[in-house]
Amino acid sequence: MARPFRFGVSLLTPASAAEWGAKCRRAEELGYDVITVADHLGMPAPFPSLVAAAEATERPRLGTFVLNAGFWNPALLAREVATTNALTYGRLELGLGTGYVPAEHETAGLPWGTPGERVDHLLRTVQELERLLGPDGFPHASPRPDGQTPGPRTGRTPRVPLLIGANGDRMLRIAAEHADIAAFTGARTRPNGTLEPITATELDGRVALYREAAAEREEPAELNLLIQIVAVTDDRRAAIRPWLPRIPGLTERQVLELPIVLVGTVEQIVEQVRAQRERYGFSYLTVLEPNLEAFAPVVRALRGR
């Protein structure tokens, strides 16, 4: 049986306390299940932003989507995770990735390393978090001050859910072994730190490799996809044309067929989202902040179904 849909939004733009709280409340009003923050220089700092989001909202889960593991010492990260989970009453979801922008590491004075070294560091980080954060790997949720159990779904959560963002073979295998949520980027990284979308057929291959690696799991992971483009429109071709210069080498038709692109009427997008869950297993979709309002009718139509 397919998992029910969950929908997240990744907030990208720094804001004052009042503006940040208003954005988070709006996401909750629109029905989003998860409010997330990325880990890029020039964007909001993840953990304080999530604590502020918890103060502004009641229901949504709160996630890092995703932390750049190369920015973090595992022991210091364990402290951040434990504290943030406590201050958000157990609503935290921890997302990790290897990072993909060399210039950010240069700006931060941190080594970039080879792809293999970045994956090695992510794996060490996951293993250290499991060791440092208790016998269950991650801290137990803290009770709410009103005496109720935390979390929007089943109350007290035994551990902070771990999401790993992946596309390469080794990262998919690590996600298969360790992650509660396997997040597919739907793109490969170019050497200059930009992303190149992969086709629907290529994504079939990525999901197949993951499923093979995860075949022995006792509990199947939730599968996530990050959606890059959302447009509700009656003219799909016109809506996609402004994006074509950013995706060289693909025709309008090819761009519209990308799994990370949802363009059409609400009914067409709902059908595409259902079809992608059937084809790939994606039940958890994340959109970027600029698409918060545009994607809301799809959230209303599909959330929890």
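In this predicted model, arginine 188 has a relative accessible area of 31% and is therefore classed as partly exposed. Its side chain takes part in a salt bridge with glutamate 196, in which the closest N and O atoms lie 3.2 Å apart. Glutamate 196 is likewise partly exposed, because its relative accessibility is 29%. Elsewhere, Arg6, Arg61, Glu93 and Glu222 are joined into one network by salt bridges that share partners. In general, side chains of opposite charge can pair when their charged atoms come close. The total for the structure is 18 salt bridges.

Two further pairs connect separate parts of the chain. Arginine 59 and aspartate 33 form a salt bridge with an N to O distance of 3.8 Å. Arginine 59 is located in the loop between α2 (46–56) and β3, and aspartate 33 in the loop between α1 (17–29) and β2 (34–37), so the salt bridge ties together parts that are 26 residues apart in sequence. The two partners fall into separate accessibility classes: arginine 59 has a relative accessibility of 23% and so counts as partly exposed, while aspartate 33, with 12%, counts as buried.

The other pair consists of aspartate 169 and arginine 206, whose closest N and O atoms are 2.7 Å apart in a salt bridge. Aspartate 169 belongs to helix α6 (residues 169–178) and arginine 206 to helix α7 (residues 200–213), and the pair thus links distant parts of the chain, 37 residues apart. Aspartate 169 has a relative accessible area of 35%, which makes this residue partly exposed. Arginine 206 has a relative accessibility of 18%; with the limit for buried residues set at under 20%, arginine 206 therefore counts as buried.

The empty space in the model was examined next. Rolling a probe the size of a water molecule over the atoms shows where empty space is left. The largest pocket has a volume of about 1400 Å³. Its lining comprises 50 residues, and those nearest the centre of the pocket are Tyr100, Thr185, Ala187, Thr189 and Leu195. Two or more lining residues come from each of β4 (67–68), α5 (115–132), β6 (162–166), α6, β7 (181–184), β8 (187–189), β9 (195–197) and β10 (222–227). Of the elements, α5 gives the most to this lining, with 4 residues. Sorted by class, the lining of the largest pocket contains 27 nonpolar, 16 polar and 7 charged residues.

Helix α5 was also considered on its own. The helix has 18 residues, and at 1.5 Å a residue these should span 26 Å; the end C-alpha atoms are 26 Å apart, so the expected and computed spans agree. The buried residues of α5 are Arg118, Val119, Leu122, Leu123, Thr125, Val126 and Leu129. These residues cover an arc of only 155° around the axis, and therefore lie on the same side of α5.

Besides the pocket, the structure contains 1 cavity of 30 Å³ or more. The volume of this largest cavity is about 40 Å³. The residues around the cavity are Thr36, Gly63, Thr64, Phe65, Glu93, Leu94, Gly95, Leu163 and Tyr284. The elements that contribute two or more residues to this lining are β3 (61–64) and β5 (92–97). Strand β5 supplies the largest share, 3 residues. By class, 4 nonpolar, 4 polar and 1 charged residues make up the lining of the cavity. One of the lining residues, Glu93, is also a member of the salt-bridge network with Arg6, Arg61 and Glu222.

Finally, the backbone shows two local features of note. Most residues other than glycine have a negative phi, and most peptide bonds are trans. The peptide bond from phenylalanine 65 to valine 66 is cis, with omega near -15°. Valine 66 is placed in the loop between β3 and β4, and phenylalanine 65 is among the residues that line the largest cavity. Tyrosine 89, although not a glycine, has a positive phi of about 55°. Tyrosine 89 occurs in the loop between α3 (74–87) and β5. With a relative accessible area of 25%, tyrosine 89 is classed as partly exposed.

Definitions and conventions
Residues are numbered from 1 along each chain as its sequence is written. This is a predicted model: local features need pLDDT of at least 70, side-chain atom pairs count only at pLDDT 80 or more; totals for chains, interfaces and linings use all residues. Side-chain values use heavy atoms; hydrogens and water are left out. On a 1 Å grid over the protein atoms alone, a cavity is a set of points where a 1.4 Å probe fits but cannot get out, and a pocket is an open set with protein on both sides within 12 Å along at least five of seven lines; lining residues have an atom within 4 Å of a point. Grid points are joined across faces, edges and corners, and a volume is the space filled by probe spheres set on the points. Ala, Val, Leu, Ile, Met, Phe, Trp, Tyr, Cys and Pro count as nonpolar, Asp, Glu, Lys and Arg as charged, and the others, Gly among them, as polar. A salt bridge is a side-chain nitrogen of Lys or Arg within 4 Å of a carboxyl oxygen of Asp or Glu. Buried means under 20% relative accessible area, exposed over 50%, partly exposed in between (1.4 Å probe, protein chains only). The expected span of a helix is 1.5 Å times one less than its number of residues. The arc is that of the directions from the helix axis to the C-beta atoms.
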